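Here's a quick briefing to read alongside the sequence and the 3D view. Pull both up and follow along.

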Amino acid sequence: KDGTAVDQPLFSDVSKNNYFYDAVEWAVDKGITSGTGGTTFSPNASCTRGQMVTFLWRANGSPEPKSMTTSFTDVKSGAYYEKAVAWAVENNVTTGTSSTTFSPDASVTRAQAVTFQWRAAGAPAAEGTNAFADVSASAFYAPAVQWAVNAGVTTGTSGTTFSPNSNCLRAQIVSFLYRAAK
C-alpha cells in the first residue's frame, strides 16, 4: 500500500459496469444529488417530480427564482424543492399537474422527465421521425421525446418503445441530465 487513494465507487449500489456510472459520478461532483444515503444511490428507485425538478434546477446552476410565489398549494414553504419549482414555473419548465398542484411527491414519468428537460433547454424544434410506437404525434411530450433522441439524451427503452408512462428511475434521470450536459 503506497498511501494513494483507491478508486472506489461512490456508492455500494453503483458499479463501474453500470450504464449510469459516469452520470452518477458527474451528478455527485456537480452537486445535483448526493444519493439516498451515505453509501447508496438507489439507481432503480423511482424519482419524484420534486426530485426531478430539483436535479434539473441544480444542473442549471441553482439560479435564484425572481419570486417564490406559485399557485401550487402542495409546494410548502421551506420544502427542499421550493426554489426549484419556483424557478421551473418562471422558466416555463412546468405548469404543474393542475392550476393549483405540482404533485411533488408523485413519481415522475419518463414523458414528464424529458419534457421538463426539453423546456429547460428552451423547447427547441425537434426534427426527424418518431420511431416509438408508444409516442403519439399529438402527445404533449412528443416534441420533447424527439428532441431527447436527437440530442442523445435517450434512445428509449427499446428500438420501438419509449415507455412514456413508466416511472423514471433515478439512474435514468441522472443519465438524461448528464447526456444533455455533454
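Is C168 buried or exposed? C168 is buried, because its relative accessible area is 0%. Keep in mind that what you're looking at is a predicted model. The bullets below start with the cysteines and then work through the core, the helices, a pocket and a couple of serines.

**Cysteines**
- Searching the whole structure turns up 0 disulfides.
- Why does C47 have no bond to C168? The closest cysteine sulfur to that of C47 is the one in C168, and at 7.1 Å it's too far away for a bond.
- Looking from the other side, C168 is in no disulfide either, with the sulfur of C47 as its nearest cysteine sulfur.
- C47 also counts as buried, since its relative accessibility is 0%.

**The nonpolar core**
- As a general point, soluble globular proteins tend to bury their nonpolar side chains together.
- Here, the largest nonpolar core has 48 residues, and V108, F116 and I173 have the most contacts inside it.
- Six helices each put at least two residues into this core: α1 (21-29), α2 (49-59), α3 (82-90), α4 (110-120), α5 (142-150) and α6 (170-181).
- Which residues does I173 contact, once you skip neighbours within four places in sequence? They're C47, M52, F55, V108, A113 and C168, so both of the cysteines discussed above touch I173.

**Helices α3 and α4**
- α4 is largely enclosed by the rest of the structure, because 9 of its 11 residues are buried.
- The buried ones in α4 are R110, A111, Q112, A113, V114, T115, F116, Q117 and W118.
- Among the elements covering those buried α4 residues are α2, α5 and α6.
- Over in α3, the buried residues are E82, A84, V85, A86, W87 and A88, and they pack against α2 and α4.
- Both helices are followed by a residue with a positive phi: N92 just after α3, at about 60 degrees, and G122 just after α4, at about 95 degrees.

**The largest pocket**
- The largest pocket holds about 150 Å³ of space.
- Its lining is made up of W26, L56, A59, N60, Q117, A120, A121, W147, L177, A180 and A181.
- Which helix gives the most to this lining? That's α6, with 3 residues.
- α2, α4 and α6 each supply at least two lining residues.
- Q117 turns up twice in this briefing, as a pocket-lining residue and as one of the buried residues of α4.

**Two loop serines**
- S163 sits in the loop between α5 and α6, and it counts as buried because its relative accessibility is 19%, against a cut-off of under 20%.
- The S163 side chain makes a polar contact of 2.8 Å with the side chain of T157.
- Leaving out residues up to four places away in sequence, S163 touches R110, D134 and T157.
- S42 is in the loop between α1 and α2, and it's partly exposed, with a relative accessible area of 22%.
- Beyond neighbours within four places in sequence, S42 contacts D13, T36 and R170.
- For a sense of scale, the C-alpha atoms of S42 and A139 are separated by 30 Å, and these two residues are 97 apart along the chain.

How values were computed. Residues numbered from 1 in each chain as written. Predicted model: local features only at pLDDT ≥ 70, side-chain atom pairs only at ≥ 80, totals over all residues. Heavy atoms only, no water. Core = buried A, V, L, I, M, F, W, Y, C linked by side-chain atoms within 4.5 Å. Buried < 20%, exposed > 50% of the residue type's maximum accessible area, 1.4 Å probe, protein only. Helix = DSSP H or I, 4+ residues; strand = E, 2+ residues; numbered from the N terminus. Contact = heavy atoms within 4.5 Å. Disulfide = S-S within 2.5 Å. Polar contact = N/O pair within 3.5 Å; in protein donor to acceptor, adjacent residues only side chain to side chain. 1 Å grid on protein atoms, 1.4 Å probe; cavity = no way out; pocket = protein on both sides within 12 Å on 5 of 7 lines; lining within 4 Å. Points joined across faces, edges and corners; volume = space filled by probe spheres on them.
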